[in-house]
Amino acid sequence: MKRFFFIILYAILFGFSLQAFHFKLDHPIAEDISRLMPIKMKAIKAEDSEEAIKKVVLEAAKNDDPISIAGMQHSQGGQTLYPKGILLDMKQYDKILDLDVKEKRITVQSGATWAELQGYINPYGLALKVSQSQNIFTIGGSLSVNVHGRDIRHHALIETVESFRLLNAKGQILTVSRKDPELFSSVIGGYGLFGVILDVTLHLTDDELYKIKTKSLHYDEYTSYFKRDVLQNDDVKMHLARISVAPGSYLDEMYVTDYYKANDQAQLSNYNTLKRETIVAVPKFFLGLSRYNDLGKKRFWETQKTYTANIDGNLVSRNNVMRSDSAFMDYSNPSRTEVLQEYFVPIDQFADYIDDLRKTLLNEKDFNLLNITIRYVEHNDESLMSYARDDMFALVMLINQGTDNESKKNTGRVIRDMINVTLDHNGSYYLPYYGYPTKAQLFEAYPRTEEFFQLKKKYDPDNRFMNLFYEEYHP
């Protein structure tokens, strides 16, 4: 009798689990890396051919389903998500189609990562002109947010694009270049709202050998140092800075890392093997400490400074500069997450901006700011939603916060205050992050937003391509 009871109980539990499994298949939950907005999708489609992707778009049109387009989903503001929509996962669409070594030009499908592209071109002595410092992202995703990186001679990604092919809402495949400036400037930095970028032709450059030079300084010295010793020195090819968020040196002490073209380029072959991330435990440990208290932040800052001083004089290839470590930043906590913010401020306003930012943040005891990295972006307004309205310093902030509503409310309040400070200094902010900014802040930071939304209506009147960013901010 007891055995019979357990058989019946098992059958019931199995039935419930099977039902739950099918429900999950029929109602998949998708989320970006922040885990702040899990969204119930109608379906997730991961396709590896042009024909299959086109079929998804045509079927969505037939069924009136919205489509969101996803790569690695590191955008944190719902740019790859839309409720009850089709999530088109592009990561399997990742072939390299053509490489012209002589012309330094490559054509690649949009689901490929920068790491895959680097692995392909490195044996030919070629390198990327522009990408993020980390190479884990898809090329299509990077185009959709118009990334920038450490290179101070090549700036926003849009500058390196010759053309791309776009699958539009009607299922048509268009070749888009600067001959079609309206679409070209809308799609790059357009967050997947105009269609599916199928593949792109990019301009490459030569791999080079760089010598690393590092220096400590204070924030009020940074602009003059950068203009004199970096911008006016043609041998400096890349640049990176960090400013302290540790007690005792908060938004005051900085260090810079400059990459000079090495005198003896014949040594490149000794350094051009693509590095792999191997030492994860140490930086992960100190970053982990910084999440919990001021002492941890101080130790993390000291570790960063020591590491930077130790690499002074080292040689490194261009390709290896453009594949920064990322595994140590992986973070798994059921009740907390980490979000990014990025603010752009004209270089001549940097010191005054930092003073005002410090005043804004000093009394925010519940705002857990872990790191600020600084890069340079030259003025470029080719993308309709350009963040670089001037020659700018870009401040990338890593913030630890809770996932509960109260934490989101508090973080949002502080971020809106920081954006107001940025706007007061004629700056802007980057769009691929959580939707804390107000509509008024968006329209002030991006004066051509209304034009962008009008073009969205022109090229996709049925809103076939949708995401939560557009839902939140369009009129």
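Colleague: Contact means heavy atoms within 4.5 Å. What pLDDT do side-chain atom pairs need in order to count?

Modeller: Residues are numbered from 1 along each chain as its sequence is written, and side-chain values use heavy atoms, with hydrogens and water left out. This is a predicted model, in which totals for chains, interfaces and linings use all residues, local features need pLDDT of at least 70, and side-chain atom pairs count only at pLDDT 80 or more.

Colleague: At what angle do helices H7 and H8 pack?

Modeller: Helices (H or I, at least four residues) and strands (E, at least two) are DSSP runs numbered from the N terminus, and H7 covers residues 281-290 while H8 covers 294-310. Their axes (lines fitted to C-alpha atoms, for helices over the stretch in contact, with angles from 0 to 180 degrees between N-to-C directions) lie 6 Å apart. The angle between the two helices is about 145°.

Colleague: How do the residues where H7 meets H8 divide by type?

Modeller: On the H7 side are Pro283, Phe286, Leu287, Leu289 and Ser290, and these meet Gly296, Lys297, Arg299, Phe300 and Thr303 of H8. With Ala, Val, Leu, Ile, Met, Phe, Trp, Tyr, Cys and Pro counted as nonpolar, Asp, Glu, Lys and Arg as charged, and the others, Gly among them, as polar, the contact divides into five nonpolar, three polar and two charged.

Colleague: Which strand does H8 run at about 25° to?

Modeller: H8 lies across four strands, namely S12, S13 (236-243), S14 (253-261) and S17 (368-377). The angle of about 25° is the one that H8 makes with S14.

Colleague: Which strands stand at the edges of the eight-stranded sheet?

Modeller: This open sheet has antiparallel pairing, in the order S15-S12-S14-S13-S17-S18-S16-S19, where two strands pair if DSSP finds at least two bridges between them. Strand S12 (residues 209-218) is joined to S15 by three bridges, and Lys211 stands opposite Leu315 of S15. The strands that pair on one side only are S15 (315-317) and S19 (428-429).

Colleague: In the three-stranded sheet, by how much are neighbouring strands turned against each other on average?

Modeller: The sheet is open, with parallel pairing in the order S3-S5-S4. Strands S3 (43-46) and S4 each have a single partner, so one side of each is left without a neighbour in the sheet. Direction ignored, the average turn between neighbouring strands is 25°.

Colleague: Which residue of S5 stands opposite Ile69?

Modeller: Four bridges join S4 to S5 (residues 86-89), the two running parallel, and Ser68 stands opposite Leu87. From S4 (residues 67-70), Ile67 and Ile69 point one way and Ser68 and Ala70 the other, all of them buried (under 20% relative accessible area, with exposed over 50% and partly exposed in between, for a 1.4 Å probe and protein chains only). Opposite Ile69 in S5 stands Leu88.

Colleague: How many residues apart in sequence are the parts that Asp64 and Arg464 tie together?

Modeller: Their salt bridge (a side-chain nitrogen of Lys or Arg within 4 Å of a carboxyl oxygen of Asp or Glu) has its closest N and O atoms 3.4 Å apart. Asp64 is exposed at 55% relative accessible area, whereas Arg464 is buried at 5%. Since Asp64 sits in the loop between H2 (50-63) and S4, and Arg464 in the loop between H13 (449-459) and H14 (468-473), the separation of the parts they tie together is 400 residues.

Colleague: Which residue forms a salt bridge with Arg105, and in which strand does this partner lie?

Modeller: The closest N and O atoms of the pair are 3.5 Å apart, and Arg105, in S7 (residues 105-109), is partly exposed at 26%. Its partner is partly exposed at 29%, and the pair ties together parts 57 residues apart in sequence. That partner is Glu162, in S9 (residues 161-167).

Colleague: How many salt bridges does the whole structure hold?

Modeller: One of them joins Glu451 to Arg448, with closest N and O atoms 3.1 Å apart, and these residues are partly exposed at 38% and 36% respectively. Shared partners join Glu50, Arg165 and Asp199 into one network. A search of the whole structure gives a total of 22.

Colleague: How far is Leu340 from Lys54 in space?

Modeller: Leu340 lies in S16 (residues 336-346) and is partly exposed at 23%. Leaving aside neighbours within four places in sequence, Leu340 touches Gln76, Val396, Met397, Leu398 and Tyr433. Leu340 and Lys54 are 286 residues apart in sequence, and their C-alpha to C-alpha distance is 33 Å.
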